[in-house]
Amino acid sequence: MAGGGFAASSGGGGTEFEAKITPIVIISCIMAATGGLMFGYDVGVSGGVTSMGPFLQKFFPVVYRRTQDPGLESNYCKYDNQGLQLFTSSLYLAGLTATFFASYTTRRLGRRLTMLIAGLFFIVGVILNAAAQDLAMLIIGRILLGCGVGFANQAVPLFLSEIAPTRIRGGLNILFQLNVTIGILFANLVNYGTAKIEGGWGWRVSLGLAGVPAGLLTLGSLLVTDTPNSLIERGHLDEGKAVLKRIRGTDNVEPEFLELVEASRVAKQVKHPFRNLLMRRNRPQLIIALALQVFQQFTGINAIMFYAPVLFNTVGFGSDAALYSAVILGAVNVLSTVVSIYSVDKVGRRKLLLEAGIQMFLSQVVIAIILGIKVTDHSDNLNHGYAIFVVILICTFVSAFAWSWGPLGWLIPSETFPLETRSAGQSVTVCVNLLFTFVIAQAFLSMLCHFKFGIFLFFSGWVLLMSFFVFFLLPETKNVPIEEMTEQVWKKHWLWKRFMDDDYVDGGDIGKGTKGFDPNSQL
Ligand code: BGC
């Protein structure tokens, strides 16, 4: 879960301590790559595999027969099968359950051991998947992978934010998302290659190759040390200080060390972090974090990420063209995420989200119109020209998502929660995201069958709604140090200031002319 937990390190975002980019920091970046790659690979691999004939024949013969006899049924319903959707969705259901345990193990056992647990889950899951003989093995494998995702997505970002010097912390956040997109692309490429393997066992290679990032994550977690924050939190003060010296490449670590000890003391005073999260003054951040997760998934992005090859098959592409188009989408996703890395702190969060809202809305509406006119219920496939146009429109949609809702859905919650609720807030964020990822994964193919081309209008309606949400309710957080969010952002927002109880009495500043809506008042 890209970036979930990045800002959860102690010390806020403002103070700069002496720190070199040491080898251990570089190894940490590689770890981030494998954690993100692993997640992305899992997101990207299922769609291609489910469009492969031999895979369907073995595990979902009913669906296979339907794909072979398209004349019998509506094109849109070829893949509508609860079991097939469960193959994709079970991972996210397991992931969200595992997040609760992961939040405990990251605190009690440390970040490193939690990553090791994740790596082991991944390895066993990959083995079961690649060797699967029946549906049960396949689904159990996916559930284990999901447990890996739950543990890794909590621990890896936290580990990174704590080990990285402050000045590269923000960049690392989106870097994690970038690795997710690279993982997706890698899976699309692998699927494109393995679908050509004679003998019908290419899907085993696709599922098995997830073992590469899984093995690297496991190996990495055996090699690195735990973070100073985690060691201090668990009472190993001397070890924590020694590690801090090693990772910062200097003996002059006393100021940072003292801040970590203090932050850990403050964090321990919060006895009920989850209850704290529900307090009135934390309401705006919570509402925004939850809304961002729900909205991110209701852009419809994962309908594309999970099911692009299936979708392309549905509108009449051959298997090869469908997998090839998925590779193009994957590449657009990676490149557009790079755009975000460069523009997020210059252009700002609101502008990116609003521009992308318009772009996504238009793409989806035009896709719906083309499919509505051109694909009838009786398996009329799109002609070549229209098919290419649809791929271009889906690319336009994916690129808008990738420089907005993709990374920002993670970045904004991680930078708005105050320290006292940050890690609880992050767990809830990851959990809600996985919950709605699950919903989309489980429902999309059935929705496609019932709504037909209208599915794109359904998502475009959501995009409209979320753009209004951004316009009216999401404050700009560009260049605001984390510890100044309350003063600079929340207390200045036309609505959210009402929740900052300490010096705002309801209606108290009406006379000062701050009543009413001014979308720019928080910029
Ligand atoms: C989302 C994932 C999605 C990915 C696509 C992430 O930000 O959380 O659900 O698959 O972006 O790149």
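**Salt bridges, a ligand shell and a nonpolar patch**

Arg-265 is partly exposed, at a relative accessible area of 41%. Keep in mind that this is a predicted model. Arg-265 has a charged partner in Glu-262, and the two side chains meet in a salt bridge at 2.8 Å, N to O. Beyond that pair, there's a ligand that the protein covers to 99% of its own 310 Å² of accessible area, plus a nonpolar patch on the surface with about 410 Å² of accessible area.

**Salt bridges**

- The structure holds nine salt bridges, and a few of them are worth a look one by one.
- As background, side chains of opposite charge can pair when their charged atoms come close.
- Start with Arg-265 and Glu-262: they sit three residues apart in helix H12, so about one helical turn separates them.
- Glu-262 is partly exposed, with a relative accessible area of 37%, and Arg-265 is partly exposed too, at 41%.
- Lys-241 and Glu-254 form another salt bridge, with their closest N and O atoms 2.9 Å apart.
- That pair links distant parts of the chain, with Lys-241 in helix H11 (residues 237-248), Glu-254 in helix H12 (residues 254-269), and the two positions 13 residues apart.
- Lys-241 counts as partly exposed at 23% relative accessibility, and Glu-254 is partly exposed with a relative accessible area of 37%.
- Glu-256 pairs with Arg-248 in a salt bridge, the closest N and O atoms being 3.0 Å apart.
- Here the partners are tucked away: Glu-256 is buried at a relative accessible area of 9%, and Arg-248 is buried at 2%.
- There's also a network of salt bridges, which links Asp-345, Arg-349 and Glu-415.

**Ligand surroundings**

- The residues around the ligand are Val-43, Gln-177, Thr-181, Ile-184, Gln-296, Gln-297, Asn-302, Asn-333, Phe-401, Gly-406, Trp-410 and Asn-433.
- Sorted by type, that shell has four nonpolar residues, eight polar ones and no charged ones.
- On the polar side, an oxygen atom of the ligand lies 3.1 Å from an N or O atom in the side chain of Gln-177.
- Gln-297 has a side-chain N or O atom at 3.1 Å from a ligand oxygen as well.
- For Trp-410, the distance from a side-chain N or O atom to an oxygen of the ligand is 3.2 Å.
- As for cover, the protein takes up 99% of the 310 Å² of accessible area that the ligand has on its own.
- The elements that give two or more residues to the shell are helix H7 (166-194), helix H14 (283-298) and helix H19 (405-416).
- Out of these, H7 gives the most to the shell, with three residues.

**Nonpolar surface patch**

- Val-366, Tyr-386, Ile-388, Phe-389 and Ile-392 make up a nonpolar patch on the surface, and together they have about 410 Å² of accessible area.
- Helix H18 (residues 384-402) supplies the largest share of the patch, four residues.
- Tyr-386 is found in helix H18 and is partly exposed, with a relative accessible area of 32%.
- That value sits just inside the patch rule, because members need over 30% relative accessible area, and Tyr-386 has 32%.

How values were computed. Residues numbered from 1 in each chain as written. Predicted model: local features only at pLDDT ≥ 70, side-chain atom pairs only at ≥ 80, totals over all residues. Heavy atoms only, no water. Near = heavy atom within 4 Å. Polar contact = N/O pair within 3.5 Å; in protein donor to acceptor, adjacent residues only side chain to side chain. Areas by Shrake-Rupley, 256 points an atom, 1.4 Å probe, with all protein chains shown as cover. Nonpolar A, V, L, I, M, F, W, Y, C, P; charged D, E, K, R; others polar. Patch = residues over 30% accessible without salt bridge, like charges linked within 9 Å, V, L, I, M, F, W, Y side chains within 5 Å. Salt bridge = Lys/Arg side-chain N within 4 Å of Asp/Glu carboxyl O. Buried < 20%, exposed > 50% of the residue type's maximum accessible area, 1.4 Å probe, protein only.
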